[in-house]
Amino acid sequence: MEPVEQSYSPPRVLALFLGFGIFVIYQWIWRPNLLEPSILLGDPVALPVAIGFALILGYALAMVWWLIRQTRGQVLDVLRPTRGRVVSAICLVLITPIGVVSWLPWIVLGMAPFLWGNIELEFVWMLGVLCLVVYPLAAMIQSQSYQRRWLRFALFSLYCWAAYAFHMLWRGILTFPFPAPILPA
């Protein structure tokens with residue numbers, strides 16, 4: 001009798017169902033909100049782009065479910081801080097888009113040079129809270145996912161793309177410069 005090996009196969013069928021569900025919710029429920037003239041929301045993305053973004057989000061959610069299933073019974077070991085897990089959580093916070101304007105993602109690492117001279121305490125607290133929120137995901141990726149580093153990097157990249165896709169589906173295509181009422185006086 002051969003020993004049973006742990007499966008590293010992601011749930012592709014679940015990803016397709018989640019992507020289809022996200023696209024249906026976007027197309028029938030949320031897209032009409034984006035078509036209404038609004039200062040805070042942009043124009044909806046094109047249909048092929050919306051399908052691609054929905055599939056990316058579906059795959060990311062399916063992978064979260066897969067990572068949680070892999071973690072069962074090992075939660076304390078997985079969430080125990082190590083240097084690699086903390087560094088990967090910080091990296092994920094620094095490169096994940098926190099906003100998208102004119103198709104360009106705004107990331108903390110890219111905004112840091114502009115904020116370097118006048119970093120406020122609230123910004124540092126926000127980064128700390130984001131690291132605490134993202135840490136479980138980064139720890140699960142680091143300890144429970146693939147053994148090859150490039151596959152783990154691909155999984156980190158998937159979550160950056162999922163954040164980008166979420167912003168584009170949720171807010172639509174915001175263009176710069178913003179209309180006058182959104183800018184502070």
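This note goes through the pockets and helix packing of a predicted model.

1. The largest pocket has a volume of about 490 Å³. Its lining is made up of 18 residues. Those that lie nearest the centre of the pocket are Thr96, Val134, Leu137, Tyr159 and Ala163. Find these five in the structure, and the position of the pocket follows.

2. Four helices each give two or more residues to the lining of the largest pocket: helix 2 (47-71), helix 4 (83-95), helix 6 (121-144) and helix 7 (149-171). Helix 7 gives the most, with 5 residues.

3. What classes of residue form the lining of the largest pocket? There are 16 nonpolar residues and 2 polar ones, and no charged residue is present.

4. The second largest pocket holds about 250 Å³ of space. It is lined by 14 residues, and Ser88, Gln142, Arg152, Phe153 and Phe156 lie nearest its centre. At least two lining residues come from helix 4, and at least two from helix 7. Helix 7 supplies the largest share here, 7 residues.

5. The lining of the second largest pocket divides into 8 nonpolar, 4 polar and 2 charged residues. The lining of the largest pocket, by contrast, has no charged residues.

6. Helix 7 deserves a point of its own, since the two pockets both draw on it: it gives the most to the lining of the largest pocket and the largest share to that of the second largest. Helix 7 has 23 residues. From its first C-alpha to its last it reaches 33 Å, close to the 33 Å expected at 1.5 Å a residue. After helix 7 comes Gly172, with a positive phi near 80°.

7. How do helix 2 and helix 7 pack, and at what angle? Their axes are 9 Å apart, and the angle is about 130°. An angle over 145 degrees would count as roughly antiparallel, and 65 to 115 as roughly perpendicular. The angle of about 130° falls in neither range, and helix 2 and helix 7 are therefore oblique to each other. Their crossing is left-handed.

8. Helix 2 also packs with helix 1 (residues 12-35): the axes of these two helices come within 7 Å and cross at roughly 135°. Helix 1 and helix 2 are therefore oblique to each other. The hand of this crossing is right-handed, whereas helix 2 and helix 7 cross in a left-handed way.

Definitions and conventions
Residues are numbered from 1 along each chain as its sequence is written. This is a predicted model: local features need pLDDT of at least 70, side-chain atom pairs count only at pLDDT 80 or more; totals for chains, interfaces and linings use all residues. Side-chain values use heavy atoms; hydrogens and water are left out. On a 1 Å grid over the protein atoms alone, a cavity is a set of points where a 1.4 Å probe fits but cannot get out, and a pocket is an open set with protein on both sides within 12 Å along at least five of seven lines; lining residues have an atom within 4 Å of a point. Grid points are joined across faces, edges and corners, and a volume is the space filled by probe spheres set on the points. Ala, Val, Leu, Ile, Met, Phe, Trp, Tyr, Cys and Pro count as nonpolar, Asp, Glu, Lys and Arg as charged, and the others, Gly among them, as polar. The expected span of a helix is 1.5 Å times one less than its number of residues. Axes are lines fitted to C-alpha atoms, for helices over the stretch in contact, and angles run from 0 to 180 degrees between N-to-C directions. Angles under 35 degrees count as roughly parallel, over 145 as roughly antiparallel, 65 to 115 as roughly perpendicular and the rest as oblique. A crossing is left-handed if the near helix is turned anticlockwise from the far one by less than a right angle, and right-handed if clockwise.
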